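Please open the model in your viewer and keep the sequence panel beside it. The stops below are meant to be selected in turn.

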Amino acid sequence: MTYNFNEIEAKWQQYWADNQTFKAENNSDKPKYYVLDMFPYPSGAGLHVGHPLGYIASDIYARYKRHKGFNVLHPQGYDSFGLPAEQYAIQTGQHPAITTETNIATYRRQLDKIGFSFDWSREVRTSNPEYYKWTQWIFIQLFESWYNYDNNKAEPIETLVAKFAADGNANINAACDDTIDAFSAEEWNQFSSEKQQEILLQYRLTYLAETEVNWCPALGTVLANDEIVNGVSERGGHPVVRKKMTQWSMRISAFAERLLQGLETIDWTDSLKESQRNWIGKSVGASVTFNVNGHDEVIEVFTTRPDTIFGVSFMTLAPEHDLVSKIVTDDQKEAVNAYIEATAKRSERERMADVKTISGVFTGAYAEHPFSKEPIPIWIGDYVLASYGTGAVMAVPCGDQRDYDFAKHFNIAIPNIFEGVDISEEAFADKEATIIANSDFLNGLNYKDATKKVIEQLEALGQGNGKTNYRLRDAVFSRQRYWGEPFPVYYVNGMPQMIDQAHLPITLPEVEKYLPTETGEPPLGRADVWAWCTETNTVVSNDNINNTTVFPLELNTMPGWAGSSWYFFRYMEEAAKRGEAFASEEALKYWENVDLYIGGSEHATGHLLYARFWTKFLKDRGYVGVEEPFKKLINQGMILGTSAFVYRVEGENKFLSKGLIEGQKVQPIHSDVSFVNASDELDVEAFKNWREEFKDAEFVLEDGVYKVGREVEKMSKSKYNVVNPDNICEEYGADSLRLYEMFLGPLEQAKPWNTAGITGVHGFLKKLWKLFFENDALKVTDSEATKDNLKTLHKTIKKVEEDIEHFSFNTSVSTFMIAVNELTAQKCTSKAVLEPLLVLISPYAPHIAEELWSQLGNEGSISTAAFPVFDEKHLVESSKNYPISFNGKMRFTLELPLDMSKEDIEKTVMAHEKTQEQLQGRTPKKVIIVPGKIVNIVG
């Protein structure tokens, strides 16, 4: 029987599907283990060989855990709402649902071909109404909740209403808007229903507010910070500007401290935890209020260095700060407005990252120092963000380098408030070495004492207090798109009302086009049937809107992270039992949370933070029993592509071979890697036929061929360096692909793909096959395993188990190769050795393992066979091959038992014929014996 990998892999993939081999049970005597991949967005391009890396790693671990006796849940699904399908719909008119369905079919075919042990019976798709019904339901629960800092948890809004009715809001310690008016219980009870709703909206965990957003005119939507790269949209590279819009937001900032503390309880990498810590950005300091001269307005700042307050020589507001337009003087208005317009074209991330550019404009207005009463000039500068802190900073140039550089650039005074410190060249920022000077009542105090003193004085003046601040901002939750979850919201007199759970889901309406309307409304504004009738509790025609029984529905849709913030809970429920809850109490209690989560580090401050936020909220409200969604998380590295470049002479339709470009002005252009062979030689005719512009190009060759340049970069369709896994599976088999991706290097590191390298692991699988078959006949016998056979097996068991537990999959592949080489050399045919070897290899190369397991006469799948148990006795050496030396020169070796005494070793060695031959009748002066190491005969 020959190793026909295509037939074998198709056979076992069909077997697994027919027998639901990997279907998990919610009731089992086995311990549970939940392995999850970050589910993919089904793009039109399908998978390339870089995508399966994390899936293969998680699949190895899931299969290993089944072998170890665990009830493993290893599901898969699709994050199927997304901008690419909508952009395709805008271009072609094809409904995004059709595009998405087609793309999912491609993904499913490709995933099945690689042999993953997914439990497909639990598949989820975020764009399915049966799924997003519960995304809408969670949104409603957030709307009907507030955050009680006294109890440090989210609570039903009814408890807040009861507090208002009994005591007003004077003693409420809640997460809420910054500008809250105080009211008594009597006033609350006299407020109109509409007024009460307005007030509650300032406390709800999801709320409407006018916020600064990243607006992309070309895409017609708001983008999150992590959807912007270098000031343009990640999708399409379109310009992004900052503008104010009324948006739904989520009060994630209420959970900031718990999100920080929770990091101490989970097994994530330090770098990933640090990313979240920095994003949350906790800082301890003081809130300080500055009066504005000639205006009723005040400027509130947060500072971590209140001890330096006497060093303030100017203030800087974010260009988008509400106060700017109120305080700017007439003679500065033109310059200020021009600067604001320029800043609006830069994203927050771009502004934060740009530490070199110094820019700003004076507003013409002055603030008053709270202690000295001196006037302080007020500037605007794009290094200050409205979304961080209060959008204003008190600038202390002697103690902050950025303020120092700003002051130097604009010739602003730099008073020195540090004792014995020279600030002529740079700012002094060492707070632990600080002694305050030139600061009135703070003179002579260190950082800690001065901070305490100034906060006391600010509180006495009513112009400040001690405060803990977080960089984490509330998350904008509205998108001006079609292809996303509709909000379960209608409006009565402009106030949002929730649709009752019984009438969910509210599904997407049909629209003629997927673009915003001509008046700037989101695409749902094009729907003819998009109004809510409170009499029939149904969606009806817009023509019926009367604002008494028929009301307008929300036109925005939810962001991409909505469906991915809870999908891991949905998998816990068996598909047949999904009904009146997002998952049953029994399922949630059994699976609890994800034991192992694998995905990209790019989600550190997006999906991973939002999922933790929603999980903590659901825990507070009693819907789940865990604080954290993912116990252990591993970020897989990236498989890089090896791009190919051709070199076009500038201004000509002529291409020079790589070896001819030195000293020439050439433009490197990506070539599709499929036109290039293993020797880096370009198929010139194929390249010419690829694109019309190259059809008549001239190619200057070297030694009769055109050599391309090579560069390792991200594998991407735009770089034409994508390798399709379908082709690899067809030519070498899925088991070869799986082994090779693991063999490339440590899971967490980036590594370049080289198709030529796969022949090594493919050759290994052929060699493995030959251990079992010879001349098409099975050669495995019941013969007793030799000592060497068992040594090879058990050192392999030990190494592979250690490697899998430490996610060092690349070294396991090397171990398999060594084992097969050794067993081949030993001419091993023992079933007692070769059968457990298959179980070891099965997580990595499941198809060949299944086939050989079956050929050995086993019933069913190898996937539930017990993992072999390591026995140390097979690695303990019972004998030693001693080097026998004469006067320090080794002449021969002699194998002796390790437990032999020195006396017996000497007798045996001296009696050996080769010893007698060396001595030729002489009596040695002495015999040196180190048991277990050497024998040296002197004389």
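Which are the buried residues of helix 3 (residues 83-92)? Select the helix in this predicted model and pick out Leu-83, Ala-85, Glu-86, Gln-87 and Ala-89. These buried residues pack against helix 4 (96-113), so show that helix as well. Helix 3 is followed by Gly-93, which has a positive phi near 85 degrees.

**The parallel sheet**

Next, select strands 2, 1, 23 and 24, which in that order form an open sheet with parallel pairing. Its edges are strand 2 (71-73) and strand 24 (630-635), each pairing on one side only. From one strand to the next the twist averages 20 degrees. Within the sheet, strand 1 (residues 32-37) and strand 23 (residues 594-599) run parallel and are joined by 3 bridges; select Leu-36 to find its bridge partner, Tyr-597, in strand 23. Then add helix 2 (residues 52-67), which lies across strand 1, strand 2 and strand 23 and runs at about 170 degrees to strand 1.

**The antiparallel sheet**

Move to the open sheet of 4 strands ordered 6-5-9-17, where the pairing is antiparallel. Strand 6 (221-223) and strand 17 (475-476) each have a single partner strand, so one side of each has no neighbour in the sheet. Strand 9 (residues 241-250) is joined to strand 17 by 2 bridges, and Met-250 has Ala-475 as its bridge partner in strand 17. Helix 5 (residues 129-143) lies across strand 5 (206-216) and strand 9, at about 85 degrees to strand 9.

**Salt bridges**

The structure holds 43 salt bridges. Start with Lys-282 and Glu-257, whose side chains meet at 3.1 Å, N to O. Lys-282 is in strand 10 (residues 282-292) and Glu-257 in helix 9 (residues 256-262), so this pair ties together parts 25 residues apart in sequence.

Now select Glu-320 and Arg-351, a salt bridge with its closest N and O atoms 3.3 Å apart. Glu-320 sits in the loop between strand 12 (314-317) and helix 11 (324-327), while Arg-351 belongs to helix 13 (residues 348-353). Are these two residues buried or exposed? Glu-320 is buried at 13% relative accessible area, and Arg-351 is buried at 2%.

The salt bridge between Glu-822 and Lys-795 has its closest N and O atoms 2.7 Å apart. This pair links helix 25 (residues 809-825), which holds Glu-822, to helix 24 (residues 787-805), which holds Lys-795. For the last stop, select Arg-258, Arg-612, Lys-616, Asp-620, Glu-627 and Glu-628, which are joined into one network by salt bridges that share partners.

Methods. Residues are numbered from 1 along each chain as its sequence is written. This is a predicted model: local features need pLDDT of at least 70, side-chain atom pairs count only at pLDDT 80 or more; totals for chains, interfaces and linings use all residues. Side-chain values use heavy atoms; hydrogens and water are left out. Two strands pair if DSSP finds at least two bridges between them. Axes are lines fitted to C-alpha atoms, for helices over the stretch in contact, and angles run from 0 to 180 degrees between N-to-C directions. Contact means heavy atoms within 4.5 Å. Buried means under 20% relative accessible area, exposed over 50%, partly exposed in between (1.4 Å probe, protein chains only). A salt bridge is a side-chain nitrogen of Lys or Arg within 4 Å of a carboxyl oxygen of Asp or Glu.
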